[in-house]
Amino acid sequence: MSGDVLAADVPADIQAGRREGARGESRGAGFERTVPQELVHKTAAGEVLLTDAVRVRPGHFYLAVRTPDGHGLYHPDAAGRTDPTLFVEMLRQAAIYLSHRFYGVPLGHPFIFCGLDFDVPPPAPDDAHDGAVVLEVHCRETKERTPKRAAMSLRAQLLSSGGVRATGSVTWQAVDPARYTALRTRGAGGTPPPEAGTAVAVTPSGAKVMQPELVGREDAMDVVVAELAPPDGALGGERPGQDSGPGTALEPGDTWALHVDQSHPVFFDHASDHVPGMLLLEAVRQASRAALGPAPAPLYEWTMSGGGVEFAAYCELTAPTWLVVRTSPGDDTADEVTLHVEAVQNGRSVASGTARWSAAPECGGSGVSRASGVTAASGVTAASGVSGAVGAEEAGA
């Protein structure tokens, strides 16, 4: 799709700035005012991305979306692509908002995100994106509704005046608090979940938080991956995800540790009783980026063009989590590669993700590759070093 998408294909209700509210009142719409925070399970108003929604027919919606300028976590990549995790956050908020606004899910019901996928192609050379974007969403219930559970999925595309900027899908459940507690307790072997905000996150002993430029980040506070850095170069302990006995060495080259900072203003916009799914998605991105190393040319940088995550179990805050990165057999080339990342906790997989990467020139040709830390002019390296059916995302988040 190309051309004037906003003018030609989006209902006039979104464009005109007026629509009928939930109780029949007329209110401002369009892109000017965000929806209430509680309808997308956010505490900070600045983290709300949705500004309006129109149902054009059962299961078919258009949602006006804002793309925040200067956001600390979400920013376009070196190739000018929409930040993949920003797009996934749009999908997450859309799933929650549509559930409450149009499908009658009570506000007190926790949400369990089971899986997601996304594809963010490079923008066209003549893309004159003006910042106004909408989500076109097709949503359906995947299981028969009960008072205690709603199971749903959506597929969406992100549209702008330049065409389709991204596509993706999400599956989730919303359950009543009693059912959520029962699921959490059963998954933890009979132990009830901790009260949100009380559990202490555990990072494995000997793990060192990575430099941000090595995982494609600009701010150290956004790093969620730690490298294994034993003094003598050998790690003792059980290899995650394998039936091996104590003493089997972990290899720093393909295994990282999850680093969780519960003071992070985006990942922990509000207190959680487990590791949020968006943080696990970021861990898939960062661990796979760390495994790639420098991009194949000084003026190039690795950019994430797509992927997905399946959540098999809740990732607890009270135990170490390992991130095991494996290459994908297939048609990988020097500048196109797919990596698989498995999050392992207490000997079992809690999430598994896929990240597709491509090497692309930086916008503007600055000569500095943020991810690899290579300065083209001098050739000097600026830095060195080395998430199912019950699946876990967020409890009321």
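Where in the chain is confidence lowest, and where is it highest? Some notes on this predicted model, starting with that.

1. **Confidence at the two ends of the scale.** The low point is strand β17 (residues 374-375), with a mean pLDDT of 26. The high point is strand β5 (residues 111-119), at 97. Over the chain the pLDDT averages 79, and 73% of the residues score at least 70.

2. **Stretches to read with care.** Residues 1-8 stay under 50 in pLDDT, although the model gives them 24 contacts beyond four places in sequence. Residues 230-252 are also below 50, and this stretch has 29 contacts in the model beyond near neighbours in sequence. Where pLDDT is low, the predicted coordinates should not be read in detail. I'd keep that in mind when looking at those contacts.

3. **The overall make-up.** The chain holds five helices and 17 strands. It has 397 residues, and 52% of them count as buried. Its accessible surface comes to about 16600 Å², with 52% of that belonging to carbon and sulfur atoms.

4. **The nonpolar cores.** The largest core has 85 residues, and Leu63, Tyr97, Leu135 and Leu154 are the ones that touch the most other members. Helix α3 gives the most to this core, with 11 residues. There is also a second, separate core of five residues, including Val175, Tyr180, Leu183 and Tyr314.

5. **Glu89 in α3.** Helix α3 covers residues 84-102, and Glu89 is part of it. Is Glu89 buried or exposed? Glu89 is buried, because its relative accessibility is 3% and the cut-off for buried is under 20%. Its side chain makes a polar contact of 2.8 Å with the side chain of Gln93. An α-helix has 3.6 residues a turn, so residues three or four places apart point the same way. Leaving out residues up to four places away in sequence, Glu89 touches Lys42, Leu49, Tyr74 and Met278.

6. **Arg92, also in α3.** Arg92 lies in helix α3 too. With a relative accessibility of 1%, Arg92 counts as buried. What does the side chain of Arg92 reach at 3.4 Å? That would be the backbone oxygen of Val40.

7. **Tyr62 in β4.** Strand β4 runs over residues 60-65 and holds Tyr62. Tyr62 counts as buried because its relative accessibility is 7%. Its side chain has a polar contact of 3.1 Å with the side chain of Glu136. Tyr62 and Ala156 are 94 residues apart along the chain, yet their C-alpha atoms are separated by 9.4 Å.

8. **Helix α4 and what covers it.** Which residues of helix α4 (residues 177-187) are buried? They are Tyr180, Leu183, Arg184 and Thr185. Two of these names, Tyr180 and Leu183, come up in the second core as well. The cover over the buried residues of α4 includes β5 and β8 (163-175). After α4 comes Gly189, which has a positive phi, near 70 degrees.

9. **Ala201, further along.** Ala201 sits in the loop between α4 and β9 (207-209). At 23% relative accessibility it counts as partly exposed. Ignoring neighbours within four places in sequence, Ala201 is in contact with Val260, Gln262 and Leu317. Of these, Gln262 is 61 residues from Ala201 in sequence, while the C-alpha atoms are 7.6 Å apart in space.

10. **Cysteines.** How many disulfides does a search of the whole structure find? The count is zero. A disulfide is a covalent bond between the sulfur atoms of two cysteines. Cys139 counts as buried, given its relative accessibility of 8%. Cys315 is buried as well, with a relative accessible area of 0%.

11. **Where Cys315 sits.** Cys315 is found in a loop, the one between β12 (300-311) and β13 (321-327). Its C-alpha is 8.7 Å from that of Leu280, and the two residues are 35 apart in sequence.

How values were computed: Residues numbered from 1 in each chain as written. Predicted model: local features only at pLDDT ≥ 70, side-chain atom pairs only at ≥ 80, totals over all residues. Heavy atoms only, no water. Helix = DSSP H or I, 4+ residues; strand = E, 2+ residues; numbered from the N terminus. Buried < 20%, exposed > 50% of the residue type's maximum accessible area, 1.4 Å probe, protein only. Polar contact = N/O pair within 3.5 Å; in protein donor to acceptor, adjacent residues only side chain to side chain. Contact = heavy atoms within 4.5 Å. Disulfide = S-S within 2.5 Å. Areas by Shrake-Rupley, 256 points an atom, 1.4 Å probe, with all protein chains shown as cover. Core = buried A, V, L, I, M, F, W, Y, C linked by side-chain atoms within 4.5 Å. pLDDT = per-residue confidence, 0-100.
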